[in-house]
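Me: I should like to learn how to read the features of a protein model that comes with ligands. Could we work through one together?

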Amino acid sequence: MANVAEARGILNSSDILFTAEEVNAAVDRMAADITRELGESYPLVLSVMGGAVVFTGQLLPRLIFPLDFDYVHVSRYGDKTQGGELVWKTAPKEDVRDRVVLVLDDILDEGHTMAAIRDKVLAMGAKAFYSGVFANKLISKDKPIKADFVGIDVPDRYVFGYGMDVRGAWRNLPAIHALK
Ligand SMILES: O=P(O)(O)OC[C@H]1O[C@H](OP(=O)(O)OP(=O)(O)O)[C@H](O)[C@@H]1O
Ligand code: HPA
């Protein structure tokens, strides 16, 4: 975890890639796309803790159709800027069986987290799987999954804000920043 001075230093030297207004417009577009595709299917929406908490909290009130809500908790980065082994902290529950499941996360980077969630949810008997990510990182490697719903594409830099942390800090920022 960064201390206060380090966290402020990181913020002060960062670049803003998307303003809060651009973030909100992207969430509006995603809500419209998701409503069009899943509005009649009574989906079970699973939010991936902890990064998806801001995005989920702002998306759900824009989804004006019946849905169930729950969360999963999985972590691969911890406080680091490189992904490691995936650790399940809270797995999906049995009630994914026979449901249309929409999994929401803050970012699809290398895609390992979302691919592992998809594999588990489908193995547990979900009828259909959809993924929605606020940010899709444009990387040169192939990803094991492509998100069905994407808010913004971000360049191949370490980004933070809107739920995404840098050394544990700044999940609470309303805009999307990138490390220098
Ligand atoms: O596509 P990937 O390369 O697998 O990376 C994406 C995942 O990494 C982050 O989670 P993290 O492991 O940092 O946990 P956190 O949400 O608690 O920050 C992010 O919230 C995604 O879940
Ligand atoms: O660029 C990122 N920023 C924050 N969290 C992340 N998890 C995967 N990639 C990132």
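**Reading the core, the sheet and the ligand shells**

Reply: Let us begin with a single residue of this predicted model. Leaving aside its neighbours within four places in sequence, Ala-135 has contacts with Asp-106, Ile-107, Gly-151, Ile-152, Val-154, Val-159 and Ile-176.

Me: Which residues have the most contacts inside the largest nonpolar core?

Reply: In soluble globular proteins, nonpolar side chains tend to be buried together. Here the largest nonpolar core numbers 44 residues, and Ala-135 is listed with Val-101, Val-103, Leu-104 and Tyr-162 as having the most contacts inside it. Strand β5 contributes the largest share of this core, six residues.

Me: How should I read the sheet, and in what order do the strands form it?

Reply: Strands of a sheet pair through backbone hydrogen bonds, either parallel or antiparallel. In this model six strands make an open sheet with mixed pairing, in the order β4-β3-β2-β5-β6-β7. Because β4 (87-90) and β7 (149-154) stand at the edges with a single partner strand each, one side of each is left without a neighbour in the sheet. From one strand to the next, the twist averages 25°.

Me: How many bridges join β3 to β4?

Reply: Three bridges join β3 (residues 68-75) to β4, and the two strands run antiparallel. Within β3 and β4, His-73 stands opposite Thr-90.

Me: Which strands does helix α2 lie across?

Reply: Helix α2 (residues 20-38) lies across β5, β6 (128-137) and β7, and runs at about 150° to β7. Helix α4 also packs on the sheet, where it touches β2 (44-49), β3, β5 and β6. The direction of α4 makes about 165° with that of β5.

Me: Turning to the ligands, how many residues surround ligand 1, and which are the closest?

Reply: A shell can be read by its members, by the elements that supply them and by their character. Ligand 1 is surrounded by 17 residues, of which Gly-51, Tyr-77, Asp-109, Glu-110 and Thr-113 are the closest. Both β5 (100-108) and α4 (112-123) supply at least two residues of this shell, and the largest share, four residues, comes from β5. By character, the shell comprises four nonpolar, seven polar and six charged residues.

Me: Which residues are around ligand 2, and how do they divide into nonpolar, polar and charged?

Reply: Around ligand 2 are Tyr-77, Ile-107, Asp-109, Tyr-158, Val-159, Phe-160 and Met-164. This shell divides into six nonpolar residues, no polar ones and one charged. Tyr-77 and Asp-109 are thus named for ligand 2 and are also among the closest residues to ligand 1.

Methods:
Residues numbered from 1 in each chain as written. Chains lettered and ligands numbered in written order. Predicted model: local features only at pLDDT ≥ 70, side-chain atom pairs only at ≥ 80, totals over all residues. Near = placed C-beta within 6 Å. Nonpolar A, V, L, I, M, F, W, Y, C, P; charged D, E, K, R; others polar. Pairing = 2+ DSSP bridges. Axes fitted to C-alpha atoms, helices over the stretch in contact; angles between N-to-C directions. Contact = placed C-beta atoms within 7 Å. Core = buried A, V, L, I, M, F, W, Y, C linked by C-beta atoms within 7 Å. Buried ≥ 20, exposed ≤ 12 C-beta atoms within 10 Å, placed from the backbone.
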